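Hi,

Here is the structure I promised to pass on. Have a look at it first, and then read my notes underneath.

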Amino acid sequence: SIPIRCFTNMFTLGGKISGLTTEGLQLTNGTAGGSVIFAKDATAFVLPNPVPYGESYGVTVLKQPTGQTCTVTNGVGEMGDAAVDNVQVTCGN
């Protein structure tokens with residue numbers, strides 16, 4: 001007999017950041033965990049924990065940057081068979 005091991009493909013989750021002019025923005029994926037704190041002027045992100053194919057994800061702002069409010073667009077979905085890079089984080093005063 002030959003042992004067979006199966007693995008679920010995992011893909012990265014990320015996107016663009018616009019308008020971030022202060023320190024302290026922290027994003028997380030509520031379903032897979034892992035968070036990242038961003039420096040001011042950051043324009044892109046990839047969260048640290050990849051998401052398995054077929055699993056749901058939910059990118060949220062865990063901590064707002066100093067003096068700004070950031071919102072997430074396209075942050076919720078189910079991981080398909082490729083990396084997700086269309087999450088948009090928009091920050092303003």
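Below is what turned up when I went through it.

First, a caveat: this is a predicted model, so please read everything here in that light.

**The overall picture**

The protein has 93 residues, and 31% of them count as buried. It has 10 strands and 0 helices, so to speak a straight run of β elements from the N terminus on. The C-alpha atoms fill a box of roughly 65 × 20 × 20 Å, taken along the principal axes. If you look at contacts between residues at least 6 apart in sequence, 57% of them join residues at least 24 apart.

**Two sheets**

There is an open sheet of 4 strands in the order β5-β2-β10-β8, and its pairing is mixed. What makes it mixed can be read from the strand pairs. Strand β2 (residues 13–18) runs parallel to β10, with 5 bridges joining them, whereas β8 and β10 pair in the antiparallel sense, also over 5 bridges. In general, the strands of a sheet pair through backbone hydrogen bonds, and they can do that either parallel or antiparallel.

If you want landmarks on the β2 side, Leu-13 has Val-84 as its bridge partner in β10, and Lys-16 stands opposite Gln-88 in β10. Gln-88 turns up again on the β8 side, where it is the bridge partner of Thr-73.

Which strands stand at the edges here? They are β5 (44–46) and β8; each has a single partner strand, so one side of each is left without a neighbour in the sheet. On average, neighbouring strands of this sheet are turned by 25° against each other, direction ignored.

Another open sheet of 4 strands has the order β4-β3-β7-β9, and here the pairing is antiparallel. Its edge strands are β4 (35–38) and β9 (76–78), each of which pairs on one side only. The average turn between neighbouring strands of this sheet, direction ignored, is 25°. At the β9 end, 3 bridges join it to strand β7 (residues 56–63), and the two run antiparallel. One of the spots to look for is Gly-58, whose bridge partner in β9 is Val-76.

**The disulfide**

How many disulfides does a search of the whole structure find? The search comes back with 1. That one is formed by Cys-70 and Cys-91, with their sulfur atoms 2.0 Å apart. The link is right-handed, with 110° about the S-S bond. Cys-70 lies in strand β8 (residues 69–73) and Cys-91 in strand β10 (residues 84–92), so the disulfide ties together parts that are 21 residues apart in sequence. As noted above, β8 and β10 also pair with each other in the sheet.

Are these cysteines buried or exposed? Buried means under 20% relative accessible area. Cys-70 comes out at 4% and Cys-91 at 9%, so both count as buried.

**The nonpolar core and the phenylalanine pair**

The largest nonpolar core has 19 residues. Leu-13, Ile-17, Leu-25, Phe-38, Phe-45 and Val-89 are the ones with the most contacts inside it. Which elements give two or more residues to this core? They are β2, β3 (25–29), β7 and β10, and β10 gives the most, with 4 residues.

Two of those names come up together again. A search of the whole structure finds 1 aromatic pair, and it is Phe-38 with Phe-45, arranged edge-to-face at 6.0 Å centre to centre with 75° between the planes. Both of these phenylalanines are buried.

Phe-38 is a handy residue to click on if you want to see this region. Leaving aside its neighbours within four places in sequence, Phe-38 is in contact with Ile-17, Leu-20, Glu-23, Gly-24, Leu-25, Leu-27, Ala-44 and Phe-45. Ile-17, Leu-25 and Phe-45 are also on the list of residues with the most contacts inside the core.

That's everything from my side. Shout if anything is unclear.

Cheers

Methods. Residues numbered from 1 in each chain as written. Predicted model: local features only at pLDDT ≥ 70, side-chain atom pairs only at ≥ 80, totals over all residues. Heavy atoms only, no water. Disulfide = S-S within 2.5 Å. Buried < 20%, exposed > 50% of the residue type's maximum accessible area, 1.4 Å probe, protein only. Pairing = 2+ DSSP bridges. Axes fitted to C-alpha atoms, helices over the stretch in contact; angles between N-to-C directions. Phe/Tyr/Trp six-rings, centres within 6.5 Å; stacked < 30°, edge-to-face > 60°. Core = buried A, V, L, I, M, F, W, Y, C linked by side-chain atoms within 4.5 Å. Contact = heavy atoms within 4.5 Å.
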